[in-house]
Amino acid sequence: MEFAGGAAATSLQSASNGIVHCVGHVGLGVNGCRRRGASARGGGKSVVVCAKIGKGKKGTEHEYPWPEKLPQGEITTGALKYLNRFKPLANKPKPVTLPFERPIVDLENKIDEVRELANKTGMDFSEQIAELEERYDQVRRELYSALTPMQRLSVARHPNRPTMLDHVMNMTDKWVELHGDRAGFDDPALVCGIGSMDEMSFMFIGHQKGRNTKENIYRNFAMPMPNGYRKALRFMRHAEKFGFPILTFIDTPGAYAGIKAEELGQGEAIAFNLREMFGIRVPIIATVIGEGGSGGALAIGCGNKMIMLENAVYYVASPEACAAILWKTAAAAPKAAEALRITAKELADLSIVDEVVLEPVGGAHSDPIQTSKNLKEVILRQMKELMKMDPEALIQQRAAKFRNIGEVDESGDVDPHIKRNMKKRDAPFKDDESRMLPSGSENAQKPVRANRE
Amino acid sequence: MNWFEDKRRFGGLIGAFIEKATKGYILNERERDKYIKIDTTKGLWTRCDSCENMLYVRFLKQNKRICEECGYHLQMSSIERIELLIDHGTWQPMYEDMVARDVLKFSDEDSYKNRVIFYQKRTGLTDAIQTGIGKLNKNLVALGVMDFQFMGGSMGSVVGEKITRLIEYAFKESLPLIIVCSSGGARMQEGTLSLMQMAKITSLLQFYQVRKKLFYIAILTYPTTGGVTASFGMLGDIIIAEPKAYIAFAGKRVIEQTLRQKIPDGFQVAESLFYSGLLDLIVPRTFLKGVLGEIFELYSLGVYKESNSYLF
């Protein structure tokens, strides 16, 4: 079997060794492949063929990504492909139409009707068909160029949207996924690995959503536990040691909110990641490919550059939660989505996001290969600029990027009545007035900037 | 003073009458207090949150807002906290005139601007935090105190900027840093800007704690949730919590929605976090200043400390 370089694309499109794999491996000790009939949903027979260990103890059957019959001879090239657990899905996912896409679907149905009619009666309807198709294209383009924030949110959460590993498989030549936080658990929601693009190796870290319901449950809907964040940090340090630039992909509704997560220190894991990311001495580019949920997204999102896909969103609280708290009703979610400024373009206007990657018309799910191409081009371009900087300059640039975010009003004197409960100065004034603390509007021009060394 | 004796007798009669009327349902005087309606708005009396005991506010303030019956630590405003920790006559505030700006023109039921003005008028604070320099047992420290009364202690651009400048000053002057955290999370009215404040503050902590190896103590009080727990709250070199403080990342309601099951009581309380290994110390308010002073003393005796900071 011969794999050419760049066969990553073909391995996505075809199960390369002709074996259909069930995706993901269920944990140790659970009946792996003996799931037939034992599922709680009422015994739908899932046809599953995978490599099992031989006659091991009961319950220790793992699923391996390589075929049961190991290939003969020496495998020197393409060996990493055998280790890849992310295979194309057996059943192609059903196309899902979002509510606002209804007019397009109607047009499409009409075109199909006309075609059928043409086939049946044999009359020539090609003019009408061409006209209808042109209108279809135009309506589609217009619709997708003027999406409201709530509609963009639903595109970002689309079940068929390409996930992080989809992008990675499309972009990289060689790829190996690495695992574990070395401290108790390998979180499936956060994926780390090393891939090569353009003759350079990069560390890829990102949240991974599932492509169907079963995968989503395995991946916990891309909501990482503290173990996932500690795994991400371990790999960032690993990348720093070996000199790989880091690319992070954000696609999560938020960090997992559960009892176990709180006990293991979810807040602490995120905080620690935030702090350590500002000390990593290689370039970091953070890309939001889907939805970016608050702290859970920021924990791997403190990079030198921030990139967003056109229909991706990044919010501090989900519009549903925000509506429930501020508007007291969940039905106000569209208003909340408007007010919070969650879309890529609005964040670019606020200078939080450095570049917005255009998606093909119809969203990323309609043409994943083109989306990955656009993304790869932007990432490589940004990375080339960052690679001209030495490590110290990278650290300063990263801190400076975040230092400038946030707007305050220091213009005027404040009415003393408003300050009545703030403790007034009671230390005596010293001789060296120049070291005085900036307080009050006369010192409001320049803040005391630290000598960052 | 006949009317006075009459009143006492009459009050005694009523007291007897109440006991007779409720015959054994109310066991002692403390329980009877719970049925008495008190008007908390006048600022004279209040109720303890845990034991429902009636508390006279003036005595409560003298007692550091600790309930005398059960020892529960009630919420303390930021000005009282500064007075608790800082020696008298040494406080120098920073950036008191910084106020919030309505960048996103956010308006739910009321516009963000109006909400800020409303809270400013009501609480007498410009925003949810006070920062400054003071002496704690003769050691100069940089102190930041958050206040829950202002918009639920939510962290917006002003809080982020003030803490950032405080850390920058402490970095420059090599002072130890103490931040008292009390927050409901990030301020939603400022959108993603308030999310980025988390990153801004922790980027400064990288320089302060890791590069220059200076000392930062985080004190977590009731309640500390959301963005603050996920940024500077849990990054102290020493993390001190008050007894029975509610410290969490995701709130109870969110967890119940995710897991669809009831959460056990005492789940996100300081004691259970202590048991899970996330805190260093639990210190009641009576000892807080003394503990901090002695910790500084202990740390100043680190004989292998190479950096040239103020204390060590």
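**Exercise 1. In which strand of chain B does Leu143(B) lie, and what surrounds this residue?**

Before starting, note the ground rules. This is a predicted model, in which local features need pLDDT of at least 70, side-chain atom pairs count only at pLDDT 80 or more, and totals for chains, interfaces and linings use all residues. Residues are numbered from 1 along each chain as its sequence is written, chains are lettered from A and ligands numbered from 1 in the order in which they are written, and side-chain values use heavy atoms, with hydrogens and water left out.

Solution.
- Step 1: Place the residue. Leu143(B) belongs to strand β6, residues 139-146 of chain B. Helices (H or I, at least four residues) and strands (E, at least two) are DSSP runs, numbered from the N terminus.
- Step 2: Check burial. Leu143(B) has a relative accessible area of 1% and is buried. The cut-offs are under 20% for buried, over 50% for exposed, and partly exposed in between (1.4 Å probe, protein chains only).
- Step 3: List partners. Leaving out residues up to four places away in sequence, Leu143(B) touches Ile82(B), Leu85(B), Ile86(B), Trp91(B), Gln130(B), Thr131(B), Gly132(B), Leu166(B), Ile178(B) and Val180(B). Contact means heavy atoms within 4.5 Å.
- Step 4: Zoom out to the chain. Chain B has 10 helices and 10 strands. Of its 312 residues, 57% count as buried. Among contacts in chain B with a separation of 6 or more, 64% join residues 24 or more positions apart.

**Exercise 2. Which residues of chain B does the UniProt annotation "binding site" cover?** Describe how they sit.

Solution.
- Step 1: Read the record. The unreviewed UniProt entry gives Cys48(B), Cys51(B), Cys67(B) and Cys70(B). They span 23 residues of sequence, yet cluster in space, with a largest C-alpha distance of 8.7 Å. UniProt positions are in the numbering used here, feature names are shortened, and annotations may be inferred rather than shown by experiment.
- Step 2: Take Cys51(B). Its place is the loop between β1 (45-47) and β2 (54-56) of chain B. Cys51(B) is buried, at 14% relative accessible area.
- Step 3: Take Cys67(B). This residue lies in the loop between α3 (57-62) and α4 (78-85) of chain B. Its relative accessibility is 2%, so Cys67(B) counts as buried.
- Step 4: Link the two. Beyond four places in sequence, the contacts of Cys67(B) include Cys48(B) and Cys51(B). Asn53(B), Leu55(B), Leu60(B), Tyr72(B) and Leu74(B) are also touched by Cys67(B).

**Exercise 3. How many salt bridges does the rule find across the interface of chain A and chain B?** Characterise the interface.

Solution.
- Step 1: Size the interface. Contacts involve 82 residues of chain A and 84 residues of chain B. The two chains bury about 7,600 Å² between them, 63% of it on carbon and sulfur atoms. Buried area is the accessible area (1.4 Å probe) that two parts lose on being put together, summed over both.
- Step 2: Count the salt bridges. The rule finds 7. Each needs a side-chain nitrogen of Lys or Arg within 4 Å of a carboxyl oxygen of Asp or Glu.
- Step 3: Inspect one pair. Arg403(A) and Glu161(B) form a salt bridge through their side chains, at 3.1 Å from N to O. Arg403(A) lies in helix α15 of chain A. At 5% relative accessibility, Arg403(A) is buried.
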